[in-house]
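I set out to look up how the aromatic rings are arranged. My entries follow in the order in which I made them.

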Amino acid sequence: MKELSDYELWESLKKGDLKAFSTLFKVFYPLLHNYGLKISNYNTQLTEDSLQDFFIYVYEHRKNLSSLNTIQPYLYTAFRRHLLKDIKKSLKIVDSNSNDDFFVDISFSAEDLMIKQEIEDFKNLNLPLLLNRLPNRQKEILYLKYYSNLGNEDISEVMGINYQSVSNLIHKGIKALRQDAYVNKLLKNIN
């Protein structure tokens with residue numbers, strides 16, 4: 001069977017094709033699971049329950065879904081909202097206007113850093129500590145950019161902020177890391 005484009009896969013899903021749904025699940029479940037674990041502060045049970053409910057919701061409401069050319073940004077955005085709603089429920093928070101930043105506190109581990117070639121050069125346990133010092137939104141944006149390989153436009157859609165804010169937060173996060181004395185030492189040791 002030939003590999004379907006995102007558009008073709010999504011349209012097949014909307015028509016009720018179980019093979020398309022299965023492909024969508026197999027491709028995106030691990031990516032969304034990792035992202036969800038970061039958002040839920042590694043609450044595996046909550047993340048898995050929410051993710052399964054999310055995929056059921058997508059399939060049950062497939063006829064009402066808009067057409068898409070790229071699937072990943074939509075799934076990240078929709079799952080993020082779904083998971084944050086589940087986290088609020090689990091914490092019994094009734095204020096629906098509460099700030100999502102309260103919930104999204106991504107932590108970086110040494111294993112995460114080894115995933116991407118760009119960051120492998122550091123190979124030092126200080127980098128996760130430095131990343132974890134960043135504000136929550138900067139951590140989430142750096143995760144989406146460098147670990148999920150989303151572009152700035154897609155990150156803008158996922159987080160519900162404008163493109164320029166994404167660019168600014170990425171720049172501020174990287175600048176903060178560069179200015180940190182530990183990072184400067186690491187960079188000197190690498191060069």
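The entries below concern ring pairs, their places in the helices and their burial.

Entry 1. I noted that I am working with a predicted model. I then looked up the total of aromatic pairs, and the structure holds 12.

Entry 2. I began with Phe-21 and Phe-25, whose ring centres lie 6.5 Å apart. Their planes stand at 35°, an angle between the limits of 30 and 60 degrees, so I entered the pair as tilted. Both residues belong to helix 2, which covers residues 18-39. Because they are four residues apart there, about one helical turn separates them.

Entry 3. I checked the accessibility of these two residues. Phe-21 has a relative accessible area of 17% and is buried. Phe-25, at 28% relative accessibility, counts as partly exposed.

Entry 4. I turned next to Tyr-35 and Tyr-76, which also form a tilted pair. I recorded 5.1 Å from centre to centre and 40° between the planes. Which helices hold these two residues? Tyr-35 lies in helix 2, and Tyr-76 lies in helix 4 (residues 72-90). The pair therefore ties together parts that are 41 residues apart in sequence. I found both Tyr-35 and Tyr-76 buried.

Entry 5. I followed the ring pairs further and arrived at a cluster. Its members are Phe-21, Phe-25, Tyr-29, Phe-54, Phe-55, Tyr-59 and Phe-79.

Entry 6. I looked last at a charge beside one of these rings. The charged end of Arg-62 sits over the ring of Tyr-59, at 4.1 Å from the ring centre.

Terms used
Residues are numbered from 1 along each chain as its sequence is written. This is a predicted model: local features need pLDDT of at least 70, side-chain atom pairs count only at pLDDT 80 or more; totals for chains, interfaces and linings use all residues. Side-chain values use heavy atoms; hydrogens and water are left out. Rings of Phe, Tyr and Trp (its six-membered ring) pair if their centres lie within 6.5 Å; planes under 30 degrees apart count as stacked, over 60 as edge-to-face and the rest as tilted. Buried means under 20% relative accessible area, exposed over 50%, partly exposed in between (1.4 Å probe, protein chains only). A charge sits over a ring if NZ of Lys or CZ of Arg is within 6 Å of the ring centre and within 35 degrees of the ring normal.
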